Amino acid sequence: MKELHGLDVAVLQPVLNDQQHGGIVPITVGVVVEGGGPRLVSLGGLSPRISRDRDHVDVGFLRLPQKLTTAIGEFKTFLRLDQVDLEHRPPEQGWYSILGFPRELSRINADQREP
Amino acid sequence: MEPLCQHTFLYEEELDHFEIGTSIALSFAEHGVRSESGEGQRPVALQGVSGCGIWRISTEQDLAHEDTWDPSHIRLAGIEHSVLGRKAIKGLLAFQLISDIRRHNPDLATTINLYRGRSENHGLPIFRSRQV
């Protein structure tokens, strides 16, 4: 098992252009290993479920095949359901954090992409 | 590729297209954002950070009992989908995302319902009902 950086999170980079890609969405996951930069792992052509209502909902998800789950699990720790707020109610007051990769701070090096 | 981690709080002014029970909005104004080290920080111009995790680090009750807080209290509260200038960011509540996943994956419903039942019926420390 390789060690992970503290801020290591999965980065999904869907290309949501159905006309260009015929509904098949190329997606990569950025895995960051100790002592190295992000390495992009292709998930291949998977068809995500996309819920899009520009006012309220804009999210997609896909179910990973077991083979990919195992491969990514070598680098990543998947979130467990008990780490998700599952209550249907307005969010509680308190401190919140956003954790992500803003486009402003991100540049993709195609050389790091897996063949 | 540089990660961004900033701490803030719920945005409570009125927002267009904010639906209670579906949306979550966080303040992204200068006075409210904290860096990873806890210092005040001018928010960066994100230019899009769609899909980033919105994490609840602590509730007000946690803050009143800091000695009992530990990282196990952290929960994924939502997934961001909109940056509203330097005012707020908006996302979809995690509850709704999980509901969508359950609807499209019936074989996962039993597991999801089990965890949902735990949070609603057995009062895990982080899950507390709030009067709306």
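**Strand pairing between chains A and B**

Thr59(B), in S3(B), is the bridge partner of Gly94(A). The model is predicted. Gly94(A) belongs to strand S5 of chain A, residues 94-100, which pairs with strand S3 of chain B, residues 53-59. Confidence in chain A peaks in S5(A), at a mean pLDDT of 86.

**Pairing of S5(A)**

- S5(A) and S3(B) run in the antiparallel sense, joined over six bridges.
- S5(A) also pairs with strand S1 of chain B, residues 4-8.
- That pairing is antiparallel too, over five bridges.
- In S1(B), Leu4(B) is the bridge partner of Gly100(A).

**Surroundings of Phe61(A)**

- Phe61(A) sits in strand S4 of chain A, which covers residues 57-61.
- Phe61(A) has 17 other C-beta atoms within 10 Å, so it counts as partly exposed.
- Beyond four places in sequence, Phe61(A) is in contact with Pro48(A), Arg49(A) and Ile101(B).
- Arg49(A) is twelve residues from Phe61(A) along the chain, and their C-alpha atoms are 5.4 Å apart.

**Confidence in chain A**

- The mean pLDDT of chain A is 65.
- Of the residues in chain A, 43% reach 70 or more.
- Confidence is lowest in helix H1(A), residues 18-21, with a mean of 42.
- Residues 1-22 of chain A stay under 50 in pLDDT. The model has 35 contacts beyond four places in sequence for this stretch.
- Residues 110-115 of chain A also stay under 50. For them, the model has ten contacts beyond four places in sequence.

Notes: Residues are numbered from 1 along each chain as its sequence is written. Chains are lettered from A and ligands numbered from 1 in the order in which they are written. This is a predicted model: local features need pLDDT of at least 70, side-chain atom pairs count only at pLDDT 80 or more; totals for chains, interfaces and linings use all residues. Two strands pair if DSSP finds at least two bridges between them. Helices (H or I, at least four residues) and strands (E, at least two) are DSSP runs, numbered from the N terminus. A residue is buried if 20 or more other C-beta atoms lie within 10 Å of its own, exposed if 12 or fewer, and partly exposed in between; C-beta atoms are placed from the backbone. Two residues are in contact if their C-beta atoms, placed from the backbone, lie within 7 Å. pLDDT is the predictor's confidence in each residue, from 0 to 100.
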